[in-house]
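User: Please take a close look at one strand and its surroundings. Keep it brisk.

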Amino acid sequence: MHIAVVGLSHRTAPVEIRERLSIAEQSMEDSLQRLRADEQVLEASILSTCNRLEIYTLLRHPDQGVSAVGSFLSEHSGLAVDELTPHLFAYHHEEAVGHLMRVAAGLDSLVLGEGQILSQVKKMYRLGQEHRSIGPILNRLLNQAVSTGKRVRSETNLGTGAVSISSAAVELAQLKVGQAKGVDDLVPLDQEQIAVVGAGRMARLLLQHLQAKGARGVVLLNRTVSRAEEMASDFPGLPVQCRPLSDLDHCLSTCSLVFTSTGADDPIITAERLGKLNRRSSLMLVDIGVPRNISADVADLSGVDAFDVDDLQEVVARNQEARREIAAEAEGLLQQEGQQFLEWWDGLEAVPVANRLRTQLEEIREQELQKALSRMGPDLSARERKVVEALTKGIINKILHTPVTKLRAPQPRQQRHIAMKVLQELFELEEPNG
């Protein structure tokens with residue numbers, strides 16, 4: 001068995017590739033079942049966010065298993081394998097475990113130390129359990145990744161004041177508004193007429209940061225107005241007008257700054273749509289949806305500036321340096337947690353040998369017990385028979401305790417293999433057929 005992760009992220013693929021591989025929650029069960037249908041994939045879990053699509057697996061064989069996952073990604077995205085491969089990474093065993101720990105801790109995020117990624121790893125874990133695509137190995141690994149993410153945030157300052165994709169989007173708008181005024185700095189947004197499209201987690205964070213950055217009011221559009229109103233009630237200090245998504249054209253005509261964050265599979269704002277409107281002012285569009293909510297062709301329109309998640313790097317770079325020193329604190333914790341899992345995993349190698357040894361000793365115990373009981377004759381009471389049987393079981397357990405404990409204890413893999421081989425030779429433990 002072999003642990004591997006195959007995927008792509010903001011580090012390896014542009015948003016136009018990432019959006020082709022995005023997997024919505026309603027499609028997750030089908031995707032997991034398709035992965036598990038391949039005989040090479042023993043366990044599987046999928047992490048799908050705006051900045052990454054990663055598939056964590058337990059495979060029968062490394063090369064064949066990774067190839068199977070690559071074929072799934074090609075089929076899902078509609079991209080040929082040779083188109084997709086340059087954007088993919090594949091990490092194995094120690095590297096795969098270390099990568100997951102870094103992801104859960106927020107050290108591999110576009111925004112270093114972001115908090116949202118931990119909840120997304122928790123969601124991956126939950127969906128893997130619900131859809132029964134993970135077994136004991138990935139269950140242990142994902143559980144440890146979640147606890148590691150929590151530990152990093154509680155024992156270091158990485159999570160203190162951590163920025164998110166949403167806060168970076170607001171800062172990008174501040175920067176671009178400032179640059180349009182000839183100032184290369186973040187400026188207040190109190191003069192902008194702002195709309196937010198969508199009412200999910202990212203939209204909630206947008207409202208939070210817009211309020212903190214001085215926005216005087218926001219129009220919140222959503223398919224379900226009641227959901228938007230429920231969200232708006234959490235921001236009493238920010239005037240929020242809640243409107244149905246059918247009012248989008250009106251907002252695009254009257255607002256100067258529009259953020260989009262919906263789960264739509266196709267763009268909801270296109271050049272064709274904007275071209276039909278009588279817009280009163282210049283328009284800035286900031287899209288943090290993946291798949292994108294705003295089509296790339298809007299950038300060709302006069303008076304329209306459009307940005308997506310890949311454009312956030314400009315403001316993220318301003319904040320990263322101070323956070324890198326804090327991130328260095330977390331690396332030691334990640335190494336400890338990763339090593340702890342790997343030691344547990346390595347110890348599993350000894351289980352089949354230990355089980356064969358126990359089976360052999362148990363057969364000997366049973367044979368010798370029956371011989372002894374037959375010699376004792378019929379006068380032995382049932383209680384006395386139980387005492388004798390318990391005695392023989394206790395002896396076997398005592399004999400097995402030290403070698404099994406030593407076999408599974410943390411140690412170099414080569415040393416464990418030598419010990420396993422000695423046991424197999426001394427006790428003539430045959431390998432199981434097949």
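Analyst: The strand β3 comes up here, with its partners and its burial.

This is a predicted model, where local features need pLDDT of at least 70, side-chain atom pairs count only at pLDDT 80 or more, and totals for chains, interfaces and linings use all residues. Residues are numbered from 1 along each chain as its sequence is written, and side-chain values use heavy atoms, with hydrogens and water left out.

Strand β3 covers residues 52-59. Strands here are DSSP runs of E with at least two residues, numbered from the N terminus.

Start with pairing, which requires that DSSP finds at least two bridges between two strands. Strand β1 (residues 2-9) runs antiparallel to β3, with eight bridges between them. There, S9 has R52 of β3 as its bridge partner. Strand β2 (residues 41-48) also pairs with β3 in the antiparallel sense, over seven bridges. In that pairing, I46 is matched with I55 of β3. The link from β2 to β3 is a hairpin of three residues.

Now burial. Buried means under 20% relative accessible area, exposed means over 50%, and partly exposed lies in between, with a 1.4 Å probe and protein chains only. Eight of the eight residues of β3 are buried, so the strand is largely enclosed by the rest of the structure.

Side-chain direction completes the picture. In a regular strand the side chains alternate between the two faces of the sheet. From β3, R52, E54, Y56 and L58 point one way. L53, I55, T57 and L59 point the other way. Both sets are buried.

Definitions and conventions
Helices (H or I, at least four residues) and strands (E, at least two) are DSSP runs, numbered from the N terminus.
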